[in-house]
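Me: I am new to this structure and would like some help reading it. Could we go through a few features together?

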Amino acid sequence: MPLVTQWTGREVKALREAARMSLMDLAEKLGVSDRIISKWERGGSESIPRMVNQAALDTLLAEAGPDVHGRFIGLLSVNDPVPRQLIDPAETPVMSGQYVKHPRDGKLMARIPEGIYLAGETDEPVWVDEFHIDTFPTTNADYARFCTAVGHRTPRHWEGGRCPRRLYDHPVVEVSWKDASAYAEWAGKSLPTAEQWEKAARGTTGTIYPWGDQRTAAKCNVRETGIEGTTPVSRYHSGVSPYGVYDLVGNVWEWCSTPTQPGRYELKGSAFTSPLFRGVPSAFNDADDFMQDDDTGFRCVASPEQMTPQDS
């Protein structure tokens with residue numbers, strides 16, 4: 001079954017047409033008015049239903065048959081050969097077998113079970129408790145919702161304080177450690193420790209890269225790829241980690257919560273500006289907490305307690 005990373009009006013319309021439902025039919029199944037459905041569809045990719053509606057749409061898609069799934073993917077592929085809001089678990093090796101959406105910010109997360117993994121250049125056994133990690137880095141669209149919700153300053157390269165639409169599904173950059181921490185707090189999550197991040201990238205068998213031991217630059221967005229800029233976070237399907245986590249090598253460096261000195265924190269993953277060898281998950285890098293760069297972003301983690309919906 002395809003998984004929708006975030007429902008927008010575009011996916012809502014595709015599902016309704018794939019299931020061959022009228023506006024009234026879909027509204028009844030979701031428990032909303034047909035005017036709401038119509039509003040979502042008119043808004044297209046810029047219209048994002050609330051979390052409760054996202055969950056209902058997930059359920060409706062899960063209950064649909066394979067014919068509906070096929071039509072749904074086909075409709076979304078008309079103008080986008082690789083639908084950016086979809087991932088296919090059948091083509092994504094996920095060791096833990098679980099993707100879930102966080103109850104606060106709705107981002108798709110992968111479960112990392114408790115246990116030992118082989119850490120660092122010497123493959124030292126390290127125990128890490130169970131956690132969930134964002135399947136994708138925090139995107140510009142994610143960060144824009146946060147800025148709007150709390151009045152946080154936007155990245156300095158956004159013209160007029162608004163992210164260009166073509167970059168909605170690219171990782172947010174020009175964010176300091178303090179900016180990333182503020183987002184994590186708003187989302188009811190945390191920044192990952194360096195150990196959590198490395199386990200999510202390497203799995204338990206100590207592979208050099210998320211996809212194995214092969215030095216294959218084509219599986220990620222690094223200097224050798226020659227793109228010279230960020231890419232959509234779901235682009236590199238063949239480069240996912242054993243837990244199905246994307247972009248753990250290349251695209252952007254990612255802030256961690258692990259301090260190295262007062263005011264400095266670890267960075268993981270490398271970026272489009274980095275050679276492939278810098279992307280080895282066991283490699284070390286750090287920076288001052290006020291550093292903002294065009295190749296640095298972040299993703300979040302959540303403890304089992306943070307995955308439980310809270311009463312508002």
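Reply: Happy to! Let us begin with a term: buried means under 20% relative accessible area. Keep in mind that this is a predicted model.

Me: Which residues are buried in helix 1?

Reply: A general idea helps here: an α-helix has 3.6 residues a turn, so residues three or four places apart point the same way. In this case, helix 1 is mostly covered, with seven of its ten residues buried. They are G9, E11, V12, A14, L15, R16 and A18. Just after helix 1, R20 has a positive phi of about 55 degrees.

Me: What covers the buried residues of helix 1?

Reply: The cover includes strand 1 (3-4) and helix 2 (23-30), along with helix 3 (34-43), helix 4 (51-63) and helix 5 (66-76).

Me: How much space lies in the largest pocket?

Reply: Rolling a probe the size of a water molecule over the atoms shows where empty space is left. Here the largest pocket holds about 990 Å³. Its lining has 33 residues, and Q6, S45, A141, Y168 and D169 are the closest to the centre. Helix 6 gives the most to this lining, six residues. By class, the lining has ten nonpolar, eleven polar and twelve charged residues.

Me: And how do I read a sheet? What is the order of the four strands in the open sheet?

Reply: Strands of a sheet pair through backbone hydrogen bonds, either parallel or antiparallel. This open sheet has the order 3-4-7-12, with antiparallel pairing. Strand 3 (99-101) and strand 12 (301-302) are at the edges with a single partner strand each, so one side of each has no neighbour in the sheet. Three bridges join strand 3 to strand 4 (residues 108-112), and Y99 stands opposite A110 in strand 4.

How values were computed: Residues are numbered from 1 along each chain as its sequence is written. This is a predicted model: local features need pLDDT of at least 70, side-chain atom pairs count only at pLDDT 80 or more; totals for chains, interfaces and linings use all residues. Side-chain values use heavy atoms; hydrogens and water are left out. On a 1 Å grid over the protein atoms alone, a cavity is a set of points where a 1.4 Å probe fits but cannot get out, and a pocket is an open set with protein on both sides within 12 Å along at least five of seven lines; lining residues have an atom within 4 Å of a point. Grid points are joined across faces, edges and corners, and a volume is the space filled by probe spheres set on the points. Helices (H or I, at least four residues) and strands (E, at least two) are DSSP runs, numbered from the N terminus. Ala, Val, Leu, Ile, Met, Phe, Trp, Tyr, Cys and Pro count as nonpolar, Asp, Glu, Lys and Arg as charged, and the others, Gly among them, as polar. Two strands pair if DSSP finds at least two bridges between them. Buried means under 20% relative accessible area, exposed over 50%, partly exposed in between (1.4 Å probe, protein chains only). Contact means heavy atoms within 4.5 Å.
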